[in-house]
Amino acid sequence: MKYLLTVLFGLMFIWSSDGSDQITTVFKFNTVRAEDEDVKFVKYLNTCTAAYVEYPGVLLFNITPDTPLPESTIPPLYDGLKATKWQQMMDNGTIEPITSRSTLSDRTTRYLDLFFQENPLNTNLIMEKNNYKVLKETTADFRSETIIFNEADIDQNSVNSSFLLIKFQVRSRLKIQLNYQDKQYIEIRLQSDATVVCYGHDPMLQSVCYSGRGYTGDEQGNFKILISLVGEILIHDYVAGTIHKTKKVAPGKLRSITQKVGFSFNVYDHNVQYQIIQAYPSTIISPKLDLNTNISLIILYVRKPGFKINVYVEEDNTGNTLQLDYREIVGKYRHNKNMERVLTKVNVIFPDTWKNQKRILVQSEQKFVTFISNIWEERYLELYKIKEVTSCLISKLNIIYDTNTMTSNTNENSIECLNGGVEMDSMCLCTPGFAGKKCEIPCDRNNFGHKCSMLCSKSPNQCKGMVLCTSNFGCSCATGYQGEQCLEHCPEDYYGADCKQKCGECIDGCDQYTGVCRGGCTTPYLIRPYCKQPHSYLEESPRVLDSSYNAVNLQIDLTTSNIERSYDHTKFYKVQYREDKDITWNDGPYEAFNVATSNISVEGLKPGCIYYFRVLLVDVTLETHDPDWTKSCKAETKCITSENDKHLTVISVTNTSISLTWDKDTDLGEKDCPSRSYSLNIENTEKGYVESQKIVDIKGNSYQIEDLSPGQTYHIELKKNTIYGESKPVSSVNVTTDDTIDYSVQIPGVTINQTESHVNIEWFKSSLYKTYYIKYKLVRHLSGKKDSIDAPLQVITTSNTSYTLPNLEPNSQYQLFVTADKNQNVKTHNITFITSK
């Protein structure tokens, strides 16, 4: 018989609550003692001896379907190469055959792959005579779009209910859409030339699609397709006997099934038959066998949680029946929590007085809750163990050591495994030399195996020159070593099995065996001693419930859904707070951490202030995460604004300015709003016309108002700006500016615009002056011989802000200035211009 031996039962035991860290085989390099110039040392050879770990483990040497092995006593339910010898007993007591098809040949070549795949249901068994029941059926015209089944039509909580059976004529194209929550869908196109399956989340966006061969028709020109609706979408072409493994996984609970508009060539019957079917749990019966005691069976099946199978041995012609005991391991489906896959070992034991042939019966304890995927006989490995290997280089060991290498699952419930571990089904598979739920516990330099319970050596060489092999990671050196013979120490900044792990953010490197940092972490926010992982922290900020004059009440979500969890142990939490104008955070007290929503009051605050709040998680070492990763919320304490007429005081007055001061907030009441800044409103009423201005955001307690008019009375109001906005006036005063005019103030903005015949002068209007004096004189004639002319100063009086100078001499140089001082005749800086010829 050419099928894989059932030597993998150790899988039932390698999963534990502490993570999977089983070492199945240890290869020790042979050594000899040598001496060189009177120096004794140990020399390692290229040969080694295989030491087998005796606690439950799995030896996975490269045994293939072509490996010559003795015939088993109990045939497998499916071996993929020939018709099964097992049968099924229906509820009415009749015996029906079970057809095995060549498409199942891969079900026994890789036993572990079968256990870990998402949908190990045997669709051939479903399609056998009387082996399923119809939950719901309908017909639909393929030329129209219609919903053929709703969520209520599909029993998604049973392990045997997730199949859609379609019957129609060939030369047609059907399009079926499986609709899930959040507008997700899987589209299935059934055609004679191709089968296409696509996942989509938006009608305009689809992922990369699966594409396989088209359907096959029977002699009557019909085809029959069976589609699994849970886990991976499998499409079984029953006529061709093929199964499409689409690698498209149902993204959640199925809401409905829709038929899209189809197409056909010369099809006269337009109705497509649809059925939701459920596999029938018939009893599986082995052929009559010449059994000896102490034989074991391995059964792989799928079930609804809380239910199981019953296994019996029955003696022929006597009616003697005995229920058998078994042990099992349960694996969870990632995409359907209502299903479990179970690997069961059954010890076939019966009394010595049973002399006749026997047969094995496997049945579900209740209908529609279990589904048998395959059955094997456990085989012994003693004949196939390699006693000694001529060459033990790791590269050669990994060739003969057939490993079922795992890749990490990533989903919203994934856990993070440390030190090279890989997540699988919500647990960590640990590399050699590490243990713990997240592979966080190092075994140190001389230990390995489950809970670090195995000792490498009693010699000073410890784990040097040893190769550790697992069913998940293949063969590697023990922690701290690398190379073909595992004799080389890890280079700086690396550690672990084969030195593949990089040290964390350590001050002075890390230990090559354990990865523990020397000198601590480069930042206080990493978890010691490895300095790789940050501490756990809250993803969302606290929520403000309400506030008073001196306190703010917060609600803090400490549930797991709001925690970005690391592998530290959160023991406390504390609230930090600060005023918005401060940069330093104040610490609240340590509060006991419980996974729940917590309400807390932060007291001792000042009224009328803006505060920011954030929450830090603290572990048992009183260390925490980087506070900058924590989101903060903002809250305002309440306050009241009171008016004080004695605030505003006049310090000085000029003809254009008023200087004011007011008291600081030193005598505030217990509930008074503190000022964040001040505003001044200034009004001037002259001949019925109101002129006003406002000066805002004054930070101090004094201010000088500029650009006022001489001899004018101004009404000035002082207002406080608090967190709730601008207050009513808290003080006011009337002030009259000095009526003395300072004529020495320069007239701004004097410019000259020349043409061939004119010289135009312009300047800015001044709020101080009503009359302006243009003063100019001739300096020289450019065509004359004299260097300069002592001409008199000319004066022009005007109330405008522009003027055109008259009667200027051509080709001459002039100087000019504009002033408000009638008596000013000299100015240091004048404007010079030259007239045209």
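## A cysteine-first tour

Select C503 to start: at 9% relative accessibility, this residue counts as buried. You are looking at a predicted model, so keep that in mind as you click around. Now add C510, which is buried too, at 4% relative accessibility. Show the side chains and you'll see that C503 and C510 form a disulfide, with 1.8 Å between the sulfur atoms. The S-S torsion here is -55 degrees, a left-handed link.

While you're in this part of the sequence, pick K502 and Y494. K502 sits over the face of the Y494 ring, 5.1 Å from the ring centre. For another lysine over a tyrosine, jump to K775 and Y773, where the distance to the ring centre is 5.9 Å.

Back to sulfur. The structure holds 10 disulfides, and the next one to select is C430 with C439. Their sulfur atoms lie 2.1 Å apart. The torsion about this S-S bond is about -90 degrees, so the disulfide is left-handed. C430 is buried at 4% relative accessibility, and C439 is buried at 0%.

Next, select C639 and C673. They are joined by a disulfide with an S to S distance of 1.7 Å, and this link is right-handed, with 90 degrees about the S-S bond. Colour by position along the chain and you'll see that the pair ties distant parts together, 34 residues apart. C639 is in the loop between β49 (633–636) and β50 (648–653), while C673 is in the loop between β51 (658–662) and β52. Both cysteines are buried.

Keep C639 on screen and add C609. Why is there no bond from C609 to C639, the closest cysteine by sulfur? The two sulfur atoms are 8.1 Å apart, which is too far for a bond. C609 is buried, with 6% relative accessibility. You can also click on C633, a buried cysteine at 8%.

Now follow the chain from C673 into β52, which covers residues 677–686, and stop at N681. Buried or exposed? N681 is buried, with a relative accessible area of 17%, and the cut-off for that label is under 20%. Leaving aside residues up to four places away in sequence, N681 touches Q693, K694, H715, I716, E717 and K719. Show those six as sticks to see what surrounds the asparagine.

Last stop: aromatics. The structure holds 14 aromatic pairs. Select Y577, Y611 and F613 together, and you have one aromatic cluster in view.

Conventions. Residues numbered from 1 in each chain as written. Predicted model: local features only at pLDDT ≥ 70, side-chain atom pairs only at ≥ 80, totals over all residues. Heavy atoms only, no water. Helix = DSSP H or I, 4+ residues; strand = E, 2+ residues; numbered from the N terminus. Buried < 20%, exposed > 50% of the residue type's maximum accessible area, 1.4 Å probe, protein only. Contact = heavy atoms within 4.5 Å. Phe/Tyr/Trp six-rings, centres within 6.5 Å; stacked < 30°, edge-to-face > 60°. Lys NZ or Arg CZ within 6 Å of the ring centre and 35° of its normal. Disulfide = S-S within 2.5 Å.
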